[in-house]
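Please open the structure in a viewer and keep the selection panel at hand. The tour below proceeds from one selection to the next and describes what is found at each stop.

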Amino acid sequence: MSSPRRRRKIMAEMNVVPYIDVMLVLLVIFMVTAPIMQTGVTVDAPDAQAEPLDANNQQEPLTISVDASGKLFLDDGSEVPAANVTAYVSSQLDAKAERPVYVKADSTVEYRHLMNAMVAVQQAGAKKIGLMADPAPPDQP
């Protein structure tokens, strides 16, 4: 006589070992490529589609402009030597230094001129420093 055949029990568990292998491979790939992506990118920053700042601010912002040659200008358009920017900004700030100071730079200005202007404003004690950009043309995404 033949012995009765045993039925195999159906296994309802999922084998996750292959998924763990794939995950570890992806982790290694991301660990290797992440430092490569942080090197640097050529940026043309002056045009931006940023939302304008709210007008609820009671104080009028102070604007320092940097032209293409690196010369600094005040709100009224008068040129100021780089050495005097700190003194001018500190004289225009209130006791809490809450007045916003914006640095507006030409799109072709060298980065060091922009940074020098921002450092001078920071040394004057300004707490709210921002960069200004022209709105992007409507045909750009």
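Read along the sequence, this protein follows the pattern α-β-β-β-β-α-β-α-β-β. The model is a predicted one. In total, the protein contains three helices and seven strands.

**The whole chain**

Begin with the complete protein of 141 residues, 19% of which count as buried. Its accessible surface comes to about 11600 Å², and carbon and sulfur atoms account for 58% of that surface. Among contacts with a separation of 6 or more, 71% link residues 24 or more positions apart.

**The sheet**

Next, select the five strands that form an open sheet, in the order β4-β3-β2-β5-β6; their pairing is mixed. The edge strands are β4 (79–80) and β6 (129–132), each of which pairs on one side only. As general background, strands of a sheet pair through backbone hydrogen bonds, in either a parallel or an antiparallel manner.

**Strand β2 and its partners**

Now select β2, residues 62–66. Is this strand largely enclosed by the rest of the structure, or largely open? Four of the five residues of β2 are buried, and the strand is therefore largely enclosed by the rest of the structure.

On one side, β2 and β3 run antiparallel and are joined by two bridges. Display Ser65 to find its bridge partner in β3, Phe73. The hairpin of these two strands has five residues between them, and there Gly70 takes a positive phi near 100 degrees.

The pairing of β2 with β5 is parallel, with five bridges joining the two strands. Two positions illustrate it: Thr63 has Tyr102 of β5 as its bridge partner, and Ile64 stands opposite Val103 in β5.

**From β5 to β6**

Extend the selection to β5, residues 101–105, which pairs with β6 in the parallel sense over four bridges. Tyr102, already met as the partner of Thr63, has Gly130 as its bridge partner in β6. The chain crosses from β5 through α3 to β6, and this β-α-β crossover is right-handed. Further along β5, Lys104 has Met132 of β6 as its bridge partner.

Add helix α3, residues 111–123, to the view. This helix packs on the sheet and touches β2, β3, β5 and β6, and its direction makes about 165 degrees with that of β5.

**Helix α2**

Select residues 82–92 to display helix α2, which lies across β2, β3 (72–73), β4 and β5. Relative to β2, the helix runs at about 170 degrees.

**The nonpolar core**

For the last stop, which residues have the most contacts inside the largest nonpolar core? They are Ile64, Leu72, Val89, Val101 and Val121, in a core of 18 residues. The elements β2, α2, β5 and α3 each supply at least two residues of this core. Helix α3 gives the most, with four residues. In soluble globular proteins generally, nonpolar side chains tend to be buried together.

Finally, centre the view on Val121. Apart from its neighbours within four places in sequence, Val121 is in contact with Ile64, Val89, Val101, Val103, Ala126 and Ile129. Two of these residues can be recognised from the earlier stop on strand pairing: Ile64 and Val103, which stand opposite each other.

Notes. Residues numbered from 1 in each chain as written. Predicted model: local features only at pLDDT ≥ 70, side-chain atom pairs only at ≥ 80, totals over all residues. Heavy atoms only, no water. Pairing = 2+ DSSP bridges. Contact = heavy atoms within 4.5 Å. Axes fitted to C-alpha atoms, helices over the stretch in contact; angles between N-to-C directions. Buried < 20%, exposed > 50% of the residue type's maximum accessible area, 1.4 Å probe, protein only. Areas by Shrake-Rupley, 256 points an atom, 1.4 Å probe, with all protein chains shown as cover. Right-handed = clockwise from strand over helix to strand, strands pointing away. Core = buried A, V, L, I, M, F, W, Y, C linked by side-chain atoms within 4.5 Å.
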